[in-house]
Amino acid sequence: MKRTAVALSAAALLLPLSACGGSAEAGSGSTVTVTVGYQSKTINTVTAGTLLRSLGYFEKQLDSLHDGHTYKVDWQDYATGAPITAQMTAGKIDIGSMGDFPLLLNAARGKQLGRPTQLVSVTGYNLRGGLNTVVTAPDSKLASLKDLKGKKVSTSIGSAADGTLVRALQRAGIDPNTGVSKLNQQPAVGASALSAGSVDALSQFVAWPGLLAYQGKAKALYDGAQLDLPTFHGVTARQDFAKQHPAVLEAFLKAQAQATDYLDDHPVTAAEKVAGATGLPAEVVYLYNGAHGIATFDPAVKPQLVAALKQDVSVLKAAKLTGDIDVDSFVDDQYVKKALGASYAKRLATTPAPATSEVWAKGSEKTVSFTSPKKLLAYVAGHRDGIRAAYVPDATTGTLWFADKAVWVTDGDQLLPFVAPATAQAYLTAHGGARTVSYADALGRSS
């Protein structure tokens with residue numbers, strides 16, 4: 001766990017603490033410690049975690065409260081949402097961020113243990129489900145999800161990626177419980193298992209699929225956006241904490257909105273910041289969090305995301321991970337509404353911008369956008385040594401992917417990219433005369 005140096009200093013330990021996470025309330029003039037659980041490498045939570053921490057906006061918002069307290073923030077970093085929930089229900093974490101399925105488990109566990117939590121804002125989302133991907137080894141012969149029948153698949157049970165896997169298998173006519181051998185593994189363990197050949201596929205959330213593809217250790221088998229169901233990450237707070245310290249929670253949400261605006265205004269710089277803090281390649285961070293990335297960031301709790309959350313309950317119930325969950329009582333946007341004021345309605349009505357082809361040139365602090373994948377390819381072909389990364393949206397789902405990792409199809413004078421072989425094949429079936437080509441061939445055909 002990463003903690004701020006100031007929160008661990010000997011001087012701070014000698015001060016009277018009101019750890020919002022469980023300690024008795026201290027008097028006026030005391031130091032109040034706010035404990036935030038986040039997932040540094042789950043990069044669609046960065047506006048409530050990694051990026052927010054690096055920018056210092058939450059600390060600045062707390063300093064502006066002037067309520068007689070001195071505030072310290074204890075940032076605790078975890079690999080998944082489950083340990084954050086465990087710490088929240090133990091009264092040791094005040095605010096946490098995680099994906100949609102873990103959020104539901106957070107709600108269920110909090111209610112079960114008498115420490116209820118609330119979904120108070122959203123971080124990154126994708127309205128079609130593109131944040132989760134099933135990948136296979138680079139040399140795998142598997143061409144579609146149907147090929148997974150009888151195979152070993154690694155995932156993190158109870159995660160959003162597991163939810164995608166379950167739904168996708170069901171649509172492919174495969175029983176998710178008996179049709180595959182599912183291994184419950186942490187993302188890093190699953191990635192190693194895929195590389196070692198001990199599993200046939202890996203279903204994971206950001207940034208693992210993109211990272212493995214970028215490193216040449218995996219290729220996409222299934223684009224989560226094929227489900228056309230929203231998936232998102234959000235911020236959860238302990239109900240008792242929110243009621244006792246509403247100004248602190250509002251300060252967090254104001255800071256989250258500031259971090260969101262920073263990400264929107266400086267996407268390349270933000271990607272570099274997150275990369276520096278996590279060790280992830282900036283090119284991978286930008287794939288998800290860039291100007292036209294797979295994720296859209298907005299603190300507003302959109303109705304379509306709440307509706308999707310309600311649909312997710314049945315998946316968790318079928319897996320016997322939880323019983324009924326009252327999503328309406330779990331969702332509480334009063335704090336973010338107050339924090340954002342008049343801008344909340346505008347954010348609520350905002351829709352994601354269409355995906356666009358982009359090139360990130362070496363040494364540049366900006367990307368260049370193109371009106372078509374073919375024009376991007378022509379640019380790349382003419383600047384082969386000067387390209388840091390090139391991104392193209394899937395021709396049917398809109399999911400952004402690395403141009404050199406995409407499945408390319410030629411159809412007349414069009415050059416169309418697809419994340420997975422199955423989406424490319426669906427296009428080929430519907431368009432006689434179209435055929436797949438290699439990336440090198442696509443580059444050659446672009447000019």
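**Exercise 1. Locate P209 in this predicted model, state the helix in which it is found, and determine whether P209 is buried or exposed.**

Solution. Step 1: P209 has its place in helix α9, which covers residues 208–214. Step 2: the relative accessibility of P209 is 1%. Step 3: a residue is buried under 20% relative accessible area, so P209 counts as buried. Step 4: with neighbours within four places in sequence left aside, the contacts of P209 are T133, V135, Q204, Y288 and W401. Step 5: for the separation from P352, the two residues are 143 apart in sequence, and their C-alpha atoms are 22 Å apart in space.

**Exercise 2. One contact of P209 is Y288. Establish how many residues of helix α13 are buried, and describe how α13 lies relative to β12, β13, β14 and β15.**

Solution. Step 1: helix α13 comprises residues 282–289. Step 2: its buried residues are A282, E283, V284, V285, Y286, L287, Y288 and N289. Step 3: this is 8 of the 8 residues, so α13 is largely enclosed by the rest of the structure. Step 4: α13 lies across β12, β13, β14 and β15, at about 25 degrees to β14. Step 5: helix α18 (residues 373–382) also packs on the sheet, where it touches β12, β13 and β14 and makes about 165 degrees with the direction of β14.

**Exercise 3. Derive the strand order of the open sheet of 4 strands and identify its edge strands.**

Solution. Step 1: the order is β13-β12-β14-β15, and the pairing is antiparallel. Step 2: β13 (367–370) and β15 (400–402) pair on one side only and are the edge strands. Step 3: on average, neighbouring strands of this sheet are turned by 25 degrees against each other, direction ignored. Step 4: in the interior of the order, β12 (residues 357–361) and β14 (residues 387–393) run antiparallel and are joined by 4 bridges. Step 5: V359 stands opposite A390 in β14.

**Exercise 4. Treat the sheet of 6 strands in the same manner: give the strand order and explain why one side of β2 and of β11 is left without a neighbour.**

Solution. Step 1: this open sheet has the order β2-β1-β3-β10-β4-β11, with mixed pairing. Step 2: β2 (70–77) and β11 (296–297) stand at the edges and have a single partner strand each, so one side of each lacks a neighbour in the sheet. Step 3: β1 (residues 31–38) pairs with β2 in the parallel sense over 8 bridges. Step 4: G37 has Q76 in β2 as its bridge partner. Step 5: helix α5 (residues 82–89) lies across β1, β2, β3 (95–99), β4 (117–126) and β10 (231–238), and runs at about 150 degrees to β3.

**Exercise 5. Determine which residues have the most contacts inside the largest nonpolar core, and which helix gives this core its largest share.**

Solution. Step 1: the core has 103 residues, and I43, F58, L249 and F252 have the most contacts inside it. Step 2: helix α11 (residues 246–265) provides the largest share, 10 residues. Step 3: apart from this core lies another of 16 residues, including V134, L145, A168 and A172. Step 4: beyond four places in sequence, I43 touches V206, A207, V274, L280, V284, V285, Y288, N289 and F297. Step 5: α11 also contains E250, which has a relative accessible area of 12% and is therefore buried. Step 6: E250 is in contact with Y335, K338 and A339, neighbours within four places being set aside.

**Exercise 6. Characterise the largest pocket and the largest cavity by volume and lining.**

Solution. Step 1: the volume of the largest pocket is about 590 Å³. Step 2: 31 residues line the pocket, and A295, T296, F297, P352 and A353 lie nearest its centre. Step 3: β4, α11, β11 and α17 (343–349) each give two or more residues to this lining, and α11 gives the most, with 3 residues. Step 4: there are 2 cavities of 30 Å³ or more, and the largest has a volume of about 80 Å³. Step 5: 15 residues line the largest cavity, with T164, R167, L229, P230 and T231 closest to its centre. Step 6: α6 (100–112) and α7 (160–171) are the elements that give two or more residues to the lining of the largest cavity, and α7 has the largest share, 4 residues.

Key
Residues are numbered from 1 along each chain as its sequence is written. This is a predicted model: local features need pLDDT of at least 70, side-chain atom pairs count only at pLDDT 80 or more; totals for chains, interfaces and linings use all residues. Side-chain values use heavy atoms; hydrogens and water are left out. Two strands pair if DSSP finds at least two bridges between them. Contact means heavy atoms within 4.5 Å. Axes are lines fitted to C-alpha atoms, for helices over the stretch in contact, and angles run from 0 to 180 degrees between N-to-C directions. A nonpolar core is a set of buried Ala, Val, Leu, Ile, Met, Phe, Trp, Tyr and Cys residues joined through side-chain atoms within 4.5 Å. Buried means under 20% relative accessible area, exposed over 50%, partly exposed in between (1.4 Å probe, protein chains only). On a 1 Å grid over the protein atoms alone, a cavity is a set of points where a 1.4 Å probe fits but cannot get out, and a pocket is an open set with protein on both sides within 12 Å along at least five of seven lines; lining residues have an atom within 4 Å of a point. Grid points are joined across faces, edges and corners, and a volume is the space filled by probe spheres set on the points.
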